[in-house]
Amino acid sequence: MVDQADNLRRAVEEGPRARILAVTSGKGGVGKTCVSVNLGIALVAQGARTILLDADLGLANVEVLLGLNSLYDLQHVIEGRKSMDDILIDGPGGLRVIPGSSGMAHVADIGPVGRQRVQDGLSDLQCRADVIIIDTMAGIGQNAVAFCASADEVLFVTTPEPSSIVNVYATIKTIHQMGSRAKFYLLINSVLSEEQARAVNAKLSRAIREYLGREVHYLGYVSRDPHVSRAVMQSRPFTLQFPNASATRNIEDIAARLLNQQVDGRGGIQGFFRRVAQNLGLAHTG
Ligand SMILES: Nc1ncnc2c1ncn2[C@@H]1O[C@H](COP(=O)(O)OP(=O)(O)OP(=O)(O)O)[C@@H](O)[C@H]1O
Ligand SMILES: [Mg+2]
């Protein structure tokens, strides 16, 4: 009883907790950033206040996809020169974006003061957000894996190509073996048909269940659709640029399914950072 009362008090004191959803893949270039951006916009359209944290420092990052050009990024927060609100960008469709920085490529090197600044900034923001999406880099890099293993929910993106499937399985295995208690989701991108997506999901889900003893929830698929790359060329999200495209309808369905998912024991930003520190073998700052 004491525990329950304690938990309740803490929940009230800390305020509402946003869902922390990391998006990752095994291979690069399978559509994580396109999915993160457009899923974020679809979530906003369905009433969920959404913030996208760009932790993918590749070339086609969130800002490039959205045609944004930020003056400041997380490095300014890490160095204490700007607040999280200063660097937050109002992106298209009501999606708010936190520009990443190359400093985030080595979270383990940031140091406790910088990490605390990022944590405090995100903790303030999470009271004004329902979902925080973290667009990570592909593969089993230490950072991406630590972010994913620390999130409450992880969305794994794969295409139907065998190399993408094999790599996403390896990434899921790594994150599972780190002791992640996140809810795992699967999204099959760039598919030729619904049947193809279902077949990939069946194969992957079975392997994950049999070899890892773990469930992964199928959130759906996104068709291979020329509107996606056309929108990328125009630095616009396809959900806004091409509202009737099949990829847009697919993403809207996925957003609705995601909002229907129940996630127990959410740790919010505090829990996320505590686990990131554990996973990277760092002392937790607070
Ligand atoms: N459903 C789709 N249909 C057609 N083309 C797509 C689709 N999804 C992604 N693409 C194409 O794939 C390209 C790569 O996508 P994106 O940048 O989102 O991948 P990524 O996984 O984030 O890559 P990286 O690993 O480099 O971060 C896009 O520029 C787009 O042209
Ligand atoms: Mg990307």
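A disulfide is a pair of cysteine sulfur atoms within 2.5 Å. The structure is a predicted model, in which local features need pLDDT of at least 70 and side-chain atom pairs count only at pLDDT 80 or more, while totals for chains, interfaces and linings use all residues. Residues are numbered from 1 along each chain as its sequence is written, chains are lettered from A and ligands numbered from 1 in the order in which they are written, and side-chain values use heavy atoms, with hydrogens and water left out.

**Exercise 1. Cysteines**

Task: State how many disulfides the structure holds, and decide whether Cys-34 is buried or exposed.

Solution. Step 1: The number of disulfides is 0.
Step 2: Buried means under 20% relative accessible area, exposed over 50%, and partly exposed in between (1.4 Å probe, protein chains only).
Step 3: Cys-34 has a relative accessibility of 18%, so it counts as buried.
Step 4: Cys-127 has a relative accessible area of 33% and is therefore partly exposed.

**Exercise 2. The surroundings of ligand 1**

Task: Describe the residues around ligand 1 and the polar contacts of its oxygen atoms with the backbone.

Solution. Step 1: A residue is near a molecule or strand if one of its heavy atoms lies within 4 Å of it.
Step 2: There are 17 residues around ligand 1, and Gly-29, Lys-32, Thr-33, Cys-34 and Asp-56 come nearest.
Step 3: Sort the shell by class, where Ala, Val, Leu, Ile, Met, Phe, Trp, Tyr, Cys and Pro count as nonpolar, Asp, Glu, Lys and Arg as charged, and the others, Gly among them, as polar. This gives 5 nonpolar, 8 polar and 4 charged residues.
Step 4: A polar contact is a pair of N or O atoms within 3.5 Å; within protein, one must be able to donate a hydrogen and the other to accept it, and residues adjacent in sequence count only if both atoms are side-chain atoms.
Step 5: A backbone N or O atom of Gly-29 is 2.9 Å from an oxygen atom of ligand 1. For Val-30 the corresponding distance is 3.1 Å, and for a polar backbone atom of Gly-31 it is 3.0 Å.
Step 6: Ligand 1 taken alone exposes 640 Å², of which the protein buries 79%; accessible areas come from the Shrake-Rupley method with a 1.4 Å probe, and for residues only the protein chains shown count as cover.

**Exercise 3. Strand E2 in its sheet**

Task: Place strand E2 in the sheet and explain why it is described as largely enclosed.

Solution. Step 1: Helices (H or I, at least four residues) and strands (E, at least two) are DSSP runs, numbered from the N terminus. Two strands pair if DSSP finds at least two bridges between them.
Step 2: The open sheet has 8 strands in the order E3-E4-E2-E5-E1-E6-E7-E8, with mixed pairing. Its edge strands are E3 (89-90) and E8, each of which pairs on one side only.
Step 3: E2 runs parallel to strand E5 (residues 131-135), joined by 5 bridges; there, Asp-135 is the bridge partner of Asp-54.
Step 4: E2 also pairs in the parallel sense with strand E4 (residues 96-98), over 3 bridges. In E4, Ile-98 is the bridge partner of Leu-53, and Arg-96 stands opposite Ile-51.
Step 5: In a regular strand the side chains alternate between the two faces of the sheet. In E2, Thr-50, Leu-52 and Asp-54 point one way, Ile-51 and Leu-53 the other way, and all are buried.
Step 6: Because 5 of the 5 residues of E2 (residues 50-54) are buried, the strand is largely enclosed by the rest of the structure.
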